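Reader: I want to learn how to read a protein model feature by feature. Where should we begin?

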Amino acid sequence: MPRKQNGFGNAKSLAFKPSKNINKGKGVGAVGLYPSDRRYGSSVNRTVIEQYDLASDWVKWRRGFEYYNKGAWYRLKTYDPITQTYEDSQIKSKLYQGTEYEVDVVFDGYKFATKNADSNNHYVMKRTTVSNPDLGVITQVLNDPIKYPRQKANREIWARGTSGAQSRLLFQMIGERITDGETEANLDFILDQDERPALFIGKSWPEDLTEVIAEVDETALDSTKWLQERNGNEQELVGKVVYIPEFFVERPVTSPSTFDVTDYTNYWSIELVDKGVGEIQILDNDTTFPPSIYDISTLTPILSDSNGGYTISGTYIYKKDIYQRFYGQQYLTGELATENIDIISYSVMPFVIQGIERRGGKILLRSVPFISELKLYKPVTNNTLIFTDYSFTKLEIDDYDDGQTYYHKAGSVNDKLWMRLDTDVDPWMDEIFTTGNTLAPATIYTCSCPNHSQSMLRAPQDTQDEDTRKINRQRKYPLPTVKGKSEFDQIGLSTAAGRIESWESREHRMSFKMCKHSIAAMFIENLKVKEPNTYPTVDAREAFESKLEKDVAEVGDEFIASYKRGGITTLEVVFALAQGLNLDEVETAFVILNSNF
């Protein structure tokens, strides 16, 4: 039976008094194994209790709730010089832009003061879907731990259902939070009717990066007002943006001119050369953010050639150990993985022009070599969706157990309805996906802080003045670390070394992410996050109370610093938006590298 709990739990848990009968020992410092000489290659081994305290969501919730109560935040607003008023800032964008199933979304957000960012700010961005696609309906949930011990051991919930009109979009949504209006969870895998992977994702081989050569008609470009104003010098296009509306390509696996599969011990590779025809757009990126963040239609057009074309080439690698478990004792090879594949899919973010050449009445626009992905999949009528069992949450109206009495006093007719978010859902015990509603992308909150993203952005100036700078170099110029991502997972982000470093595990990416900033933003948006039941130990709670008091006392000074430095960079905003668009590490690296901050 589903557990019943409302409100904030025991009110007494909001503050802790020191216990008199606790033996704290006579040692100095933490009890874990910490190297005395912390050179490159050393590591920290925490005790079980220390790790438990660190993993506790209660501390995040408590801090976020306090930030909300103290008003330690600003709503992002835009000043209108004509009306001389401030309005809530909104950024319109699209999820999976370029697909025939793209989803309109709107971002708005909040700013929180901090000492750990170049601008002295962390940003929370709320993503709300405007158009909700029909991804299908879940009709069966395999959540009996006795019947499905293998899924239980892998911490996975398998669900089956019927396909919707836009269910093909699911193949682009790995890592995305899916909702039926009440239950939310992260999509991890998609299986076919034989319970074999219906999707394989490959990344560019570092020694053979992806390159695109787009071509437009020479006469069409020469006749544009933009080029005529520059005396016909086509080299002025270097640094501009090329966008191909049909570049989210899905085509039969037999279509590319080159599709060579090579098998290795731990991975297989695919060499791809593919040609396409269609509209080619050249855009002037005159906005603050990278072109991949915005709705592409908002950029200033230079040329749109409906008779253009392109050639894409590159080599992609696929790790076997990600998929081997679905094949049991049968050894996975590249030939076996691709024998039932029907469709290939690739996409390229709007790219920057590196070189231009006139040839045979055409203008060739060469891209900067970049890392991309090649997806292989087999669309089927009824897929099996796999969700991580630690990512489930439930959303409901914030009322009493009777389901009728509303917790909050009714205000004006424009007051938003208070909702309650339960983050302690156990899908092996609680009822999930029972509404019968169609699946759709969920409303999510993302944050630029390291606790939420498990990533560090550069902070070259940080909070100290020139003569008092004492911040660790890694914070100012983040580089890959010993305990960072694996080589395969780091393929994209390694290209952005010095701007961003991530230690995010696959488990964290597939979980429900939250931090004190995002929790505060949820409360501000009338979304009450229930008090988590993962309390830290008593010693940790006592230490936390004094630290929280100090943190709240410093908020004023932090906001003064954020005012002074708020205009230095908006890199944190870009990063938060990238998370909200469900960009993977390859696409995130592209965004970070192409931002001018």
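Author: Begin with the nonpolar core. In soluble globular proteins, nonpolar side chains tend to be buried together. This model is predicted. Its largest nonpolar core has 46 residues. Phe200, Leu374 and Leu376 have the most contacts inside that core. Strand 17, residues 300-319, gives the most to this core, with six residues.

Reader: What other core lies apart from it?

Author: Another core, of 44 residues, lies apart from the largest one. Val103, Leu135, Ala578 and Leu581 are among its members.

Reader: Back to Leu374. Which residues does Leu374 touch, beyond four places in sequence?

Author: Its contacts include Phe200, Ile201, Gly202, Phe259, Ile270 and Leu272. Tyr316 and Tyr318 are also on the list. So are Ile344, Ser345 and Tyr346. Those last three take us to strand 18, residues 343-347.

Reader: How do I read the two faces of a strand?

Author: In a regular strand the side chains alternate between the two faces of the sheet. Check each face in turn. In strand 18, Ile343, Ser345 and Ser347 lie on one side. Ile344 and Tyr346 lie on the other. Both faces are covered, and all of these residues are buried.

Reader: Why is strand 18 described as largely enclosed?

Author: Five of its five residues are buried, so strand 18 is largely enclosed by the rest of the structure. Buried here means under 20% relative accessible area.

Reader: Which strands pair with strand 18?

Author: Strand 14, residues 249-252, pairs with strand 18 in the antiparallel sense over four bridges. Strand 21, residues 373-377, also pairs with strand 18 in the antiparallel sense, over five bridges. Follow Tyr346 across. Its bridge partner in strand 14 is Val249. Its bridge partner in strand 21 is Leu374.

Reader: Now a residue at the surface boundary. Is Glu211 buried, exposed or partly exposed?

Author: Read the accessibility against the cut-offs. Glu211 has 23% relative accessibility, so it counts as partly exposed. Glu211 sits in strand 12, residues 211-217. Leaving aside neighbours within four places in sequence, Glu211 is in contact with Thr311, Ile312, Ser313, Arg366, Ser367, Pro369 and Phe370. Take Phe370: 159 residues separate it from Glu211 along the chain, yet their C-alpha atoms are separated by 6.6 Å.

Reader: What about a helix?

Author: An α-helix has 3.6 residues a turn, so residues three or four places apart point the same way. Then ask how much of the helix is covered. Helix 10, residues 516-524, is mostly covered, with eight of its nine residues buried. The buried residues are His517, Ser518, Ile519, Ala520, Ala521, Met522, Phe523 and Ile524. Asn526 follows helix 10, and its phi is positive, near 65°.

Reader: How many cavities of 30 Å³ or more are there?

Author: Two cavities reach that volume. The largest holds about 120 Å³ of space. Its lining has 16 residues. Leu135, Gly161, Thr162, Asn383 and Leu385 lie nearest its centre. Strand 7 (137-142) and strand 8 (156-162) each supply at least two lining residues. Strand 8 gives the most, with four.

Reader: How far does the predictor's confidence reach?

Author: The mean pLDDT of the chain is 78. Of its residues, 72% reach 70 or more. Over residues 1-31, pLDDT stays under 50. The model has 53 contacts for that stretch beyond four places in sequence.

Methods:
Residues numbered from 1 in each chain as written. Predicted model: local features only at pLDDT ≥ 70, side-chain atom pairs only at ≥ 80, totals over all residues. Heavy atoms only, no water. Buried < 20%, exposed > 50% of the residue type's maximum accessible area, 1.4 Å probe, protein only. Pairing = 2+ DSSP bridges. Core = buried A, V, L, I, M, F, W, Y, C linked by side-chain atoms within 4.5 Å. Contact = heavy atoms within 4.5 Å. pLDDT = per-residue confidence, 0-100. 1 Å grid on protein atoms, 1.4 Å probe; cavity = no way out; pocket = protein on both sides within 12 Å on 5 of 7 lines; lining within 4 Å. Points joined across faces, edges and corners; volume = space filled by probe spheres on them.
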